[in-house]
Amino acid sequence: MENDDVDMVGADNNEAQDLDDMKKRLKEMEDEAAALREMQAKVEKEMGSAQDPANASASQVNREEVDSRSIFVGNVDYACTPEEVQQHFQSCGTVNRVTIRTDKFGQPKGYAYVEFVEVEAVQEALSLNESELHGRQLKVTAKRTNVPGMKQFRPRRPSNPYMGFRGRTPYPPPFAYAPAPYGYGKVPRFRMGMRYSPYY
């Protein structure tokens with residue numbers, strides 16, 4: 001009888017310890033969930049401020065203002081450096097920045113953007129259209145502002161019935177048959193399949 005009492009006390013202690021462990025784990029999980037909610041709210045707040053229409057319109061106006069002071073320079077030599085492009089357009093006005101576009105491997109694409117400090121320098125730079133740099137004629141135009149979401153629509157080419165799959169030709173070419181016994185261009189006659197007939 002006394003042994004039974006001891007076992008029951010030991011079982012009660014184990015249950016109490018398990019219950020304490022579960023409470024401790026539950027509290028840790030609640031703390032972690034609260035921390036996650038806080039982080040998510042912080043990220044949403046940052047995303048909301050990034051997508052705020054007032055900020056977006058302000059950045060669009062700023063971009064248009066920068067683009068009004070910039071030019072596009074095409075047919076730039078691949079060996080040309082930004083410093084050489086800057087020297088070429090130095091006579092037009094104060095050059096703020098020169099950007100030579102490169103591909104994902106770091107090779108120049110053959111065109112550049114030049115940003116000036118003054119808006120009037122753009123008109124001066126346009127007069128340098130078809131001037132030579134490194135033996136190549138430059139194409140100089142005013143930089144246009146990209147409007148997000150306004151990708152130019154290119155319609156699909158009209159399908160040409162004479163291109164692609166044409167279907168089956170009415171007559172197979174002569175080489176589809178054995179040409180030896182019949183000669184070139186002659187088509188053999190096919191007989192009906194032989195059927196079993198008991199009367200023949």
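Strand 1, which covers residues 70-74, runs antiparallel to strand 6 and is joined to it by 4 bridges. In this predicted model, one of the residue pairs along that junction is formed by G74 and K139, the latter being the bridge partner in strand 6. Both strands belong to an open sheet of 4 strands, ordered 2-3-1-6 and paired in antiparallel fashion. The edges of this sheet are taken by strand 2 (95-102) and strand 6 (139-142), each of which pairs on one side only. Averaged over neighbouring strands and with direction ignored, the turn of one strand against the next comes to 20 degrees.

At the other end of the strand order, strand 2 and strand 3 are antiparallel as well, and 6 bridges join them. Within this pairing, T102 stands opposite P108 of strand 3. The two strands form a hairpin in which 5 residues lie between them, and G106 in the turn has a positive phi of about 90 degrees.

The sheet is part of a chain whose secondary structure amounts to 5 helices and 6 strands, arranged along the sequence in the pattern α-α-β-α-β-β-α-β-β-β-α. Of the 200 residues in the chain, 16% count as buried. When contacts between residues at least 6 apart in sequence are considered, 61% of them join residues that are at least 24 apart.

**Strand 3 and the loop after it**

Strand 3 spans residues 108-116 and contains E115. Is E115 buried or exposed? E115 counts as buried because its relative accessibility is 7%, which falls under the 20% limit. Once neighbours within four places in sequence are set aside, the contacts of E115 are V66, R69, S70, V95, N96 and R97. A further spatial relation links E115 to S68: the two residues are 47 apart in sequence, yet their C-alpha atoms are 8.9 Å apart in space.

V117, by contrast, is found in the loop between strand 3 and helix 4 (120-126). Its relative accessible area is 46%, so V117 is partly exposed. Not counting residues up to four places away in sequence, V117 touches R69, T94 and N96. For V117 and T94 the C-alpha to C-alpha distance is 5.7 Å, at a sequence separation of 23 residues. R69 and N96 are thus found among the contacts of E115 and also among those of V117.

**Aromatic residues and charges over rings**

A search of the whole structure yields 3 aromatic pairs. One of them is formed by Y111 and Y113, whose rings are edge-to-face, with 5.9 Å from centre to centre and 85 degrees between the planes. Together with F72, Y111 and Y113 make up one aromatic cluster. Y111 counts as partly exposed because its relative accessibility is 22%, and Y113, with a relative accessible area of 23%, is partly exposed too.

Which residue lies over the face of Y113? It is K143, placed at 5.0 Å from the ring centre. A second arrangement of this kind involves R136, whose charged end sits over the ring of Y78, 5.6 Å from the centre of that ring.

**Cysteines and accessibility**

How many disulfides does a search of the whole structure find? The search returns 0 disulfides. C80 has a relative accessible area of 8% and is therefore buried, while C92 counts as buried because its relative accessibility is 11%.

The table below gathers the accessibility values of the residues discussed above.

| Residue | Relative accessibility | Class |
|---|---|---|
| E115 | 7% | buried |
| C80 | 8% | buried |
| C92 | 11% | buried |
| Y111 | 22% | partly exposed |
| Y113 | 23% | partly exposed |
| V117 | 46% | partly exposed |

Terms used
Residues numbered from 1 in each chain as written. Predicted model: local features only at pLDDT ≥ 70, side-chain atom pairs only at ≥ 80, totals over all residues. Heavy atoms only, no water. Buried < 20%, exposed > 50% of the residue type's maximum accessible area, 1.4 Å probe, protein only. Contact = heavy atoms within 4.5 Å. Phe/Tyr/Trp six-rings, centres within 6.5 Å; stacked < 30°, edge-to-face > 60°. Lys NZ or Arg CZ within 6 Å of the ring centre and 35° of its normal. Disulfide = S-S within 2.5 Å. Pairing = 2+ DSSP bridges. Axes fitted to C-alpha atoms, helices over the stretch in contact; angles between N-to-C directions.
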